[in-house]
Amino acid sequence: MPPGHREAAKPSALALQAALKVAFDGIEYTETMNFGDLEVQIAPGEVYEACRRCRDLPALAFDYLMLLTGTDFEQYFEVAYQLYSYRHHHRLTLRTKLEDYEHASVASITPLWPGADWHERETHEMLGIDFPGHHNLRPLLLDDDVDEYPLRKSHQLVPIYRSEEHTS
């Protein structure tokens, strides 16, 4: 199946779509189907509350954060949260667009899913997205004194070998 291919919604996604209409009352969102699963786009300021409802409301019961990651689109960032409910066997992707590229920020969801800890730390370390409310955004992969964000598209890769080092 080619990337970005949209297919008919899975039955679990249709049930989730109906449940979200009630659960997300007061939260503005747009929805799409991607590979049969539901995706919703929400404002950064609504992320924490939407995630809390996803976890706490019995009709949703998302008890597992599968993934949290960021993507650099050069003018803005997008943060995606992939959730799964073992009770209902449905999955949901929440996406939020961070328009302020230089000061990208979205509330931490570690109080909701402690497993978000390392996801947020890595996203902060590699892209520079801040997660206010996170208890410790120290680096996971890089040295503490690195002040660059290697996964930003603007990052200049440092050559491993210089041409003068390869002279015979």
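Start by selecting Gly70 and Val79: Val79, in strand 4, is the bridge partner of Gly70. What you have open is a predicted model, so treat the tour as a walk through computed coordinates.

**The hairpin**

Now widen the selection to strand 3 and strand 4. These two pair in the antiparallel sense, over eight bridges. Go to the turn of this hairpin, where four residues sit between the strands. Pick out Glu74 there and check its backbone: phi is positive, near 70°.

**Over to helix 3**

Keep strand 3 (64-72) and strand 4 (77-85) on screen, since both are among the things that cover the buried residues of helix 3. Next, select helix 3 itself, residues 116-127. How many of its 12 residues are buried? Nine are, so to speak, tucked away, and helix 3 is mostly covered. To colour them, take Ala116, Asp117, Glu120, Arg121, Thr123, His124, Glu125, Met126 and Leu127.

Try a distance between the end C-alpha atoms of helix 3: you should get 16 Å. That agrees with the expected span, because 12 residues at 1.5 Å a residue should also give 16 Å. Step just past the helix to Gly128 and you'll find another positive phi, this one about 85°.

**Back to helix 1**

Jump to residues 11-23, which form helix 1. Its 13 residues reach 18 Å from first C-alpha to last, close to the 18 Å expected at 1.5 Å a residue. Show Ala13, Leu16, Ala19, Leu20 and Ala23 as sticks; these are the buried residues of helix 1. Now look down the helix axis: the buried residues fall within an arc of 120°, so they line one face of the helix. As background, an α-helix has 3.6 residues a turn, so residues three or four places apart point the same way.

Rotate to the face turned away from that buried side, and you meet the exposed residues Pro11, Lys21 and Val22. Then flip back and display what covers the buried residues of helix 1, including strand 1 (29-34), strand 2 (37-42), helix 2 (47-56) and strand 5 (90-98).

**Zoom out**

Finally, show the whole protein chain as a cartoon. You can tick off three helices and five strands, running α-β-β-α-β-β-β-α from the N terminus on. Of the 168 residues, 38% are buried. Turn on the surface as a last stop: the accessible area of the chain comes to about 9,900 Å², and carbon and sulfur atoms hold 53% of it. If you draw a contact map, among contacts with a separation of 6 or more, 54% link residues 24 or more positions apart.

Conventions
Residues numbered from 1 in each chain as written. Predicted model: local features only at pLDDT ≥ 70, side-chain atom pairs only at ≥ 80, totals over all residues. Heavy atoms only, no water. Expected span 1.5 Å × (residues − 1). Buried < 20%, exposed > 50% of the residue type's maximum accessible area, 1.4 Å probe, protein only. Contact = heavy atoms within 4.5 Å. Areas by Shrake-Rupley, 256 points an atom, 1.4 Å probe, with all protein chains shown as cover. Pairing = 2+ DSSP bridges. Arc of directions from axis to C-beta.
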